[in-house]
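Thanks for sending this one over. Here are my notes, in the form of numbered points you can follow with the structure open beside you.

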Amino acid sequence: MAKKKNNTFTIFAAALILFVFVAAGIQLQPASAQGPGISTGKASDRPPVSDAAPVNKIAAYKVGTESIQKEVILTGELRAARSTSIAAPDIRSSFSNMVTFLAPEGSQIKKGDRIVEFDDSSLMSNKSEAERSLDEAQLNIEKTKSDLEAQRCDLLNSVSQAQAQVKQDELYGKISKDLLPGNTYQKYQLNLQKSKLALDKAKESLDNFEKSYASQLSLVEINRSQAEINLKKINSDMTLLKIDAPQDGILIYGDNWQNNRKVQPGDTLFHGMEVASLPDLESMQVVGYVYDTEYGALLTDMRCLISFDAVPGVEIGGRVVSLTSVASRKNFASSKKVFQAVIQPDKLDVQQLKPGMTARVRVPLILAKGTPAIPREYLGYDTQGRSYVIKGTEPKTAAQQFVQLGAVGDRFIQVVSGVSAGESLLPVQR
């Protein structure tokens, strides 16, 4: 009985193990074998797809004659060809000045409005010193006049005394010689001569004083004049530090090349540096930049289309009016060299488009007209860099054909040889 139970258990265990292995074998099959909707595993494990039996029919392209067109894209900004520049003033007492006030950029400015102010604290101190020097010079003039008048009075008094002495000595000198002892008479005559000489000397001193009076007064008046000039210079400099708008317009800040940004309050600017400008809105132009690889394709009077990043959907026509012949750096922070192109828009809405707006200029170039051309997707390159196309309408019968290319446009490429107009091509499988 026990032996029969053991046989039954053995058979049951063997059947269970067999079931487990069968179930595990089903789960370990590749995912591709479990159903057509699942794709897992490496590409090398999947069966190759036949190129001769595509799921969708590939569309053929019939070669025609096209115009090979390419667009040169320029980026720049809207600027005024004519504008009034506001520069840092030339102050005698300093080489640089700090900006303390700037009217808001882009604001509508009326003639006479205050737009820029510079720090005048040092000039205020100089003005106080100049005013003190002027007061001292004025007081010195008054004192000199008083001293000269006192000196004149002394000289006039000396002349009067000398005249009185002469009159007195003349009375004694008129006494007859017979009435006086000899020595007394000679004494009176000698006194008369001395008094006359003293009178002449007093008059000469007075005359010399009168002649030198104006020059002595001028010496001190020169100091006053110099003090007045210094004060006027300081007042003039202080006037230069406060700049009012010379005309109506929109205020545009200048570039601070020291910090590679716009000028702002607190900047210290040297004489001649542009602080701001008031552009003439009737002379707006787009100043764009182009790299040397595309510069050769541009010519003056070319038509173009202008769009603005700040005003999406607005596109206006224009033409290239000038091109620089020498490359330069686009800005101080960049080492790349670019050529400058000036584009004149056909018309501008100055209420919508403002100076400084970023502009994008598209210049269409016609590289060739009425020539066999193919789209880029129908052209391939082999490992040696040779260009080829796939001629035919069906993948089974299509053949590879090497071609010689001409002008390359944004969409079409000119075919010089290898393909003729009217032939059909298939896209090159990448």
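**Notes on the model**

1. Let me start towards the end of the chain. Strand E23 (residues 404–408) and strand E24 (residues 412–417) run antiparallel and are joined by three bridges. The connection from E23 to E24 is a hairpin through three residues. As a handy reference point in this pair, Val 408 stands opposite Ile 413 in E24.

2. Stay with E24 for a moment, since Gln 414 is found in that strand. Is Gln 414 buried or exposed? Gln 414 counts as buried, because its relative accessibility is 18% and the cut-off for buried is under 20%. Leaving aside residues up to four places away in sequence, Gln 414 touches Gln 404, Leu 405, Gly 406 and Ala 407, and also Ile 68, Ala 368, Thr 371, Pro 372 and Ala 373.

3. Please keep in mind that this is a predicted model, so a word on confidence is due. The chain has a mean pLDDT of 81, with 85% of its residues at 70 or more. Among the elements of the chain, E15 has the highest mean pLDDT (92), and helix H2 (residues 31–34) the lowest (37).

4. Two stretches call for caution in any figure or text. Over residues 1–6, pLDDT stays under 50, and the model has zero contacts beyond four places in sequence for them. Over residues 20–55, pLDDT again stays under 50, and here the model has nine contacts beyond four places in sequence.

5. For the overall picture, the secondary structure of the chain comes to 25 strands and five helices. The chain has 430 residues, of which 29% count as buried. About 27,300 Å² is exposed, and carbon and sulfur atoms supply 53% of that area. Of the contacts in the chain with a separation of 6 or more, 73% are between residues 24 or more positions apart.

6. Now to the sheets. Four strands form an open sheet in the order E7-E6-E4-E12, and the pairing is antiparallel. Strand E7 (242–244) and strand E12 (268–270) are at the edges, each pairing on one side only. On average, neighbouring strands of this sheet are turned by 35° against each other, direction ignored. Within the sheet, E7 and strand E6 (residues 114–118) pair in the antiparallel sense over three bridges, and Arg 114 stands opposite Asp 244 in E7.

7. Another open sheet has three strands in the order E3-E13-E9, also with antiparallel pairing. Its edge strands are strand E3 (83–87) and strand E9 (252–253). E9 and E13 pair over two bridges in the antiparallel sense; Tyr 253 has Ala 276 in E13 as its bridge partner.

8. Which residues touch the most other members of the largest nonpolar core? In this core of 28 residues, they are Ile 115, Val 116, Phe 118, Leu 251, Leu 269 and Val 275. At least two residues each come from strand E4 (96–102), E6, helix H3 (121–173), helix H4 (182–240) and strand E13 (274–279). H4 gives the largest share, four residues. A second, separate core has 24 residues, including Ala 80, Phe 339, Met 357 and Val 363.

9. Phe 118 is a good place to look at the larger core up close. Not counting residues up to four places away in sequence, Phe 118 touches Leu 269 and Val 275, along with Ala 88, Pro 89, Asn 97, Met 98, Val 99, Thr 100, Leu 241 and Ile 243.

10. Finally, compare two residues of one loop. Leu 298 is found between H5 and E15, and Asp 301 lies in the loop between helix H5 (292–295) and strand E15 (303–308). Leu 298 counts as buried, at 4% relative accessibility, whereas Asp 301 is exposed, with a relative accessible area of 52%. Beyond four places in sequence, Leu 298 touches Val 72, Leu 74, Val 290, Leu 323 and Val 363. The C-alpha atoms of Leu 298 and Val 320 are 8.4 Å apart, with the two residues 22 apart in sequence.

11. One backbone detail deserves a check by eye. Most residues other than glycine have a negative phi. Asp 301 has a positive phi of about 70° although it is not a glycine.

Terms used:
Residues numbered from 1 in each chain as written. Predicted model: local features only at pLDDT ≥ 70, side-chain atom pairs only at ≥ 80, totals over all residues. Heavy atoms only, no water. Pairing = 2+ DSSP bridges. Axes fitted to C-alpha atoms, helices over the stretch in contact; angles between N-to-C directions. Buried < 20%, exposed > 50% of the residue type's maximum accessible area, 1.4 Å probe, protein only. Contact = heavy atoms within 4.5 Å. Areas by Shrake-Rupley, 256 points an atom, 1.4 Å probe, with all protein chains shown as cover. Core = buried A, V, L, I, M, F, W, Y, C linked by side-chain atoms within 4.5 Å. pLDDT = per-residue confidence, 0-100.
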